[in-house]
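Here is a short walk through one helix, its packing partners and one loop residue. Keep the model in view as you read.

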Amino acid sequence: MAHFLGLGLTHYPLLAGTDEHMASLLRWTLTDPDIPESAKDPGSWPELMQREWGADKGVSAAAAHRNTLVDNLARCRRMLDEFEPDVVLVWGDDQYENFREEIVPPFCVLAYDDLEVEPFELMNERGSPNAWGLPEHTTITVHGAADKARWLTGELIERGFDMAYSYQKRKESAFPHAIVNTQLFLDYPDAGANFPYPVLPITVNCYGPHVIARRGGLVTFAQARAEQLDPIGPTPARCFALGRAVAQAFAGTDLRVALIASSSWSHAFLVDKKWRLAPDTEADLRLYNVLTAGDYQTWQATTSAAILESGQQELLNWFCMTGAAAELNLQLTWSDLVVTDVFNSNKCFAIFEEGGQG
């Protein structure tokens, strides 16, 4: 008989850097000449944003933000260790890593063996030292689950999902950071080096219209006006259905399966209506209330247009995981929405258990 644990967490790249760099995305955005000076004026910002920005442009507030995230990640890791999974399935977005001009599938199962991965590639590109003070080209082992991934791909195809799959990462690009950062942060004290569980990634085309147009990077408003947009990614409802299908496939096994949604929620650099200065916290709170109420009918009815408007693209990973939770009747036993204005994105954490009381 199979057993399941559901987790939701963040793979926020700037957590891997130092406090001095944690507000760097906002600092960069403030250099955009197309953003009105009145919007850039800290005196016009909401109280939370002013407090986080402070006199040192977010450096002091970064330590408290980090501590909250690390505490919540540690809680998730304790649950994972208590559960003792045979496999850790992670839904994470691909940001111009494997998904490039040659082909962009809605979903892709990564059927990889063990890989040596550099977890600090993004930090190195940004010129930020990593938070652990380790050498730039430090590697960690991501243990694979290739046989289970091949089997799962076949099961999903039989359930109506024409799943893409990959046996090798692109040689010229980084390993999908949504996946490696999940290991890095769940093993925060040891910078990902002490994570014994095999990882089965399913990457999701969360970025849809911008996955190729922005190549995993940031653009100014002027650059955005010249973009040739890509097709949208999978809808929330389709992601939810994929989660259900994954749960159905594993339900017939005797495995202990951890199901992880890896992403932050609204991202400031995607929220045009707020001049890309802050996340759409109002939209995140609405969805968080729906999630904690267990109202999956309203949850999965969220439209792609609403997701795009509020910079919630990476929430598609959560729609996948919650589809599995709904199929398995896992109960939400703990959650926390960490709200911020200065540190780019709100971060949600959640634990879903079998037979939980909610």
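Helices and strands here are DSSP runs, numbered from the N terminus, with at least four residues for a helix and at least two for a strand. On that basis, valine 211 lies in the loop between S7 and helix H8 (221-225). The model is a predicted one.

Start with this loop residue. Valine 211 has 4% relative accessibility, and buried means under 20%, so valine 211 counts as buried. What does valine 211 touch, not counting residues up to four places away in sequence? The list is Asp94, Tyr96, Val104, Asn205, Gly216 and Asp230. Glutamate 97 is 114 residues from valine 211 along the chain, yet their C-alpha atoms are separated by 9.7 Å.

Now turn to helix H6, residues 146-158. Its 13 residues, at 1.5 Å a residue, should span 18 Å. The end C-alpha atoms are 19 Å apart, which agrees. After H6 comes glycine 160, with a positive phi near 95°.

Which residues of H6 are buried? They are Ala146, Ala149, Leu152, Thr153, Glu155 and Leu156. These buried residues pack against four strands and a helix: S2 (87-93), S3 (107-110), S6 (164-166), S7 (199-204) and helix H9 (236-251).

Take the helix partner last. The axes of H6 and H9 come within 10 Å and cross at roughly 115°. The crossing is right-handed. H6 contributes Trp151, Leu152, Glu155 and Leu156 to the contact, and H9 contributes Leu242, Ala245, Val246, Ala249 and Phe250. Eight of the contact residues are nonpolar, none is polar and one is charged.

Methods
Residues numbered from 1 in each chain as written. Predicted model: local features only at pLDDT ≥ 70, side-chain atom pairs only at ≥ 80, totals over all residues. Heavy atoms only, no water. Expected span 1.5 Å × (residues − 1). Buried < 20%, exposed > 50% of the residue type's maximum accessible area, 1.4 Å probe, protein only. Contact = heavy atoms within 4.5 Å. Axes fitted to C-alpha atoms, helices over the stretch in contact; angles between N-to-C directions. Left-handed = near helix turned anticlockwise from the far one by under 90°. Nonpolar A, V, L, I, M, F, W, Y, C, P; charged D, E, K, R; others polar.
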